[in-house]
Protein chains: 2
Amino acid sequence: IQKQNLSNLRQALDKLHPADIAHILEALPLEDRLIIWGLVKAEQDGEVLLEVSDAVRQTLIEDMDSEELVAAAEQLDADEIADLAPDLPSDVMEDVFQALPMEEREQLRAAMSYSEDAVGALMDFDVITVRGDVRIEVVLRYLRRLGELPDHTDQLFVVDRTEQLQGVLLLNQLLVSDPEATVMEVMARDTVKFLPDDKAEQATHAFERYDLVTAPVISSEGKLLGRVTVNAVIDFMREKADLEARSQAGLSEEEDLFAPIWKSVRNRWAWLAINLVTAFIASRVIGLFENSIEKLVALAALMPIVAGVGGNSGNQTITMIVRAIALGQVNQDSTLKLISKEIGVGIVNGIVWGSVVGLFTYAIYRNMQLGLVMALAMLLNLLLAAFVGVLIPLTRKKFGRDPALGSSVLITAVTDSGGFFIFLGLATLFLL
Amino acid sequence: IQKQNLSNLRQALDKLHPADIAHILEALPLEDRLIIWGLVKAEQDGEVLLEVSDAVRQTLIEDMDSEELVAAAEQLDADEIADLAPDLPSDVMEDVFQALPMEEREQLRAAMSYSEDAVGALMDFDVITVRGDVRIEVVLRYLRRLGELPDHTDQLFVVDRTEQLQGVLLLNQLLVSDPEATVMEVMARDTVKFLPDDKAEQATHAFERYDLVTAPVISSEGKLLGRVTVNAVIDFMREKADLEARSQAGLSEEEDLFAPIWKSVRNRWAWLAINLVTAFIASRVIGLFENSIEKLVALAALMPIVAGVGGNSGNQTITMIVRAIALGQVNQDSTLKLISKEIGVGIVNGIVWGSVVGLFTYAIYRNMQLGLVMALAMLLNLLLAAFVGVLIPLTRKKFGRDPALGSSVLITAVTDSGGFFIFLGLATLFLL
């Protein structure tokens with residue numbers, strides 16, 4: 001019966017899209033995952049490996065021998081092999097490389113040379129080129145002879161003898177043009193194009209703004225190198241969004257949901273360590289004021305309020321600014337405007353919430369002065385949060401770093417230590 | 001000279017894509033923004049309004065009179081007007097509605113009836129339909145007569161007399177097919193399609209997985225209603241990612257970078273208030289132990305470490321789980337596995353980091369028992385964080401709520417109050 005089930009399962013898998021198989025594998029615990037992986041048709045191995053997440057891919061690759069890996073890689077295009085390359089053992093890559101035809105070897109070498117966040121890394125080589133001086137009718141005949149067009153072909157690329165890109169011929173345009181017209185007459189010259197070293201992030205903005213399906217990639221001399229498709233852009237967007245969500249929470253890399261515990265611990269330890277250091281610092285700030293707390297123990301109960309609300313408010317500011325930077329809305333002129341606006345918000349919030357916590361404090365401890373100190377500390381910590389919340393991402397950007405990375409941990413560190421210092425300092429000055 | 005400059009500026013604006021104009025407007029402070037907005041050609045007003053963010057759109061609409069608004073809306077398609085509708089005054093909508101031809105009125109009514117996160121809200125009506133029994137050659141002639149195809153047309157929709165969708169004819173297929181073949185012979189029957197009430201989120205997954213450019217939307221009876229394009233999907237993804245980033249930070253809605261201070265305050269107050277309530281609760285938990293703190297003031301300095309590291313670790317867990325839920329990787333079977341894995345990670349982290357803070361505590365306060373209590377409290381709070389970090393998003397999902405919304409605030413509330421209670425409680429039991 002077991003065997004019968006497996007053979008049914010195998011048949012069901014054969015009918016699935018590689019992306020669906022990948023999805024199933026990701027949702028399975030390791031044992032079950034490897035059983036299913038063994039049932040997947042060898043012809044689909046390459047595509048499935050491309051589709052799964054990095055963490056899951058590693059578990060699958062560990063389960064395959066060199067021969068299987070070479071066979072899987074050989075089913076893929078050069079740009080796809082380049083995506084897998086970092087996860088493949090070097091002897092497998094060597095074999096794959098040797099087995100490729102000359103042209104694809106060059107493409108693979110090129111694709112592997114670009115950094116992960118460059119347009120080159122999103123590029124594929126499935127371009128159809130035509131000459132500008134032929135007639136539309138000839139192009140239509142040529143396409144029919146090809147028998148099949150690459151996925152996402154929404155335009156043909158018009159090049160001259162030296163492969164210089166001269167324009168693009170949209171299929172939509174091709175279909176409605178007079179068959180007697182030449183390509184040159186109907187092609188669009190003014191088109192969005194990228195260099196392979198352009199930032200992938202910029203390409204995604206262009207795809208979003210101009211609603212592109214594909215766009216050509218050219219060398220600095222204007223030679224057509226390949227194209228970027230909207231699905232590569234979507235995958236990049238998704239990965240980037242995941243990366244941001246993870247790095248805000250302090251996860252170093254993508255984590256297989258069913259990873260062994262020690263792997264998860266390794267993935268999470270770096271940020272926990274940073275967090276521990278900032279917590280130690282905050283703790284020592286409090287340590288400075290142990291005398292004051294001994295005299296007025298209410299301070300210990302109240303201080304987390306000042307720190308917590310400051311941290312929340314600082315996170316609001318930093319999220320706004322990081323997003324504005326990502327959208328390219330922040331420039332030299334606007335920095336001062338932004339700081340003064342956030343300071344303004346901080347003042348209003350400080351007065352409103354400061355009054356609330358001041359009254360709360362008075363209601364509980366029946367100590368007017370303590371209430372006033374609490375209110376003033378709230379106000380000052382909210383101002384600190386506003387100021388640093390604008391400054392952290394802008395400074396990181398100035399030094400070419402990712403403005404989002406760890407921003408939440410940083411702002412919380414400042415508003416914690418700062419909040420404790422402000423509140424306990426004021427209390428020591430005015431109450432004791 | 002001022003006038004000369006403005007006229008130069010106007011000419012420069014005329015050459016820009018509406019999306020680029022929108023981008024410029026978003027990056028400008030209100031005053032400058034309205035000056036530029038006045039210079040934009042009336043024919044582009046509608047497109048620009050579509051492209052800007054909700055917050056900026058409001059500032060632009062407030063600057064226009066009814067006539068201008070009606071004129072701007074009338075340049076748009078029904079599905080685009082539906083996108084603007086929530087921001088337009090009702091008398092303007094009334095006028096726009098009256099001015100539309102019958103068919104588009106119906107489309108507008110339909111488009112406005114879908115909820116914001118349904119496929120219907122992403123749908124447009126720019127479909128080209130053909131009959132299954134005509135020959136490819138006839139289709140090619142038909143397209144040429146149309147003179148222009150809608151953006152993103154990568155396939156034609158094959159329908160029968162009653163508008164039932166029978167299949168799709170990819171342009172890529174059309175171009176390589178024998179002109180004598182019939183549409184029926186070359187069309188694909190087995191295609192991804194959506195109902196207008198399907199979740200938009202699911203449609204984005206399908207576009208990602210199957211690398212779609214467009215997909216048909218059909219009624220429950222199989223009638224073709226419209227299509228979804230990849231650019232609508234990308235916009236939706238971007239908006240959703242923004243929404244998540246904002247709601248994690250506690251911003252209620254999209255905020256114009258240069259919004260007046262009182263608007264920003266209003267946008268941020270709700271989450272600050274929630275945060276204040278949780279901070280008050282944590283404060284009262286500490287208040288319970290004021291006697292203990294009075295006797296051993298080191299407790300006040302140490303307690304934020306327990307709470308802070310617990311919060312960080314809980315955020316790591318919750319981020320993992322929220323992402324796994326979004327990707328559909330979590331089911332009944334895996335819940336127990338996930339909890340036990342996160343508990344395992346919590347135990348390892350608790351032992352490692354608990355030892356570190358225990359030693360740190362001993363080094364500073366020369367109090368062995370205090371160090372042990374600190375280590376134990378760390379371990380227990382990390383376990384609490386793991387348990388609640390899995391439970392919060394799973395519970396929210398069970399009740400049909402967004403698992404991500406406010407998850408960070410919630411887990412921090414639990415690990416703060418819980419951490420204080422565990423640490424101060426243990427200290428009271430064992431040290432005093």
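**Notebook: the interface of chain A and chain B**

I looked up the contacts first and found that 109 residues of chain A touch 109 residues of chain B, contact being heavy atoms within 4.5 Å. I note that this is a predicted model, in which local features need pLDDT of at least 70, side-chain atom pairs count only at pLDDT 80 or more, and totals for chains, interfaces and linings use all residues. Residues are numbered from 1 along each chain as its sequence is written, chains are lettered from A in the order in which they are written, and side-chain values use heavy atoms, with hydrogens and water left out.

For the buried area (the accessible area, 1.4 Å probe, that two parts lose on being put together, summed over both) I have about 9900 Å² between chain A and chain B, with 64% of it on carbon and sulfur atoms.

I then looked up the salt bridges, each a side-chain nitrogen of Lys or Arg within 4 Å of a carboxyl oxygen of Asp or Glu, and the rule gives 8 across the interface of chain A and chain B. One of the salt bridges joins the side chains of Arg238(A) and Glu208(B), at 2.6 Å from N to O. On the side of chain A that touches chain B, helix α18 (residues 298-326) of chain A supplies the largest share, 18 residues. I sorted the residues of that side into 59 nonpolar, 28 polar and 22 charged.

Last, I looked up how the copies are related: a rotation of 180° with 0.0 Å of shift along its axis superposes chain A on chain B, with an RMSD of 0.1 Å. The two copies are therefore related as by a two-fold rotation axis. The same surface serves both copies, as 100% of the contact residues of chain A recur in chain B.

Note on methods: Helix = DSSP H or I, 4+ residues; strand = E, 2+ residues; numbered from the N terminus. Nonpolar A, V, L, I, M, F, W, Y, C, P; charged D, E, K, R; others polar. Least-squares fit on C-alpha atoms with pLDDT ≥ 70 in both.
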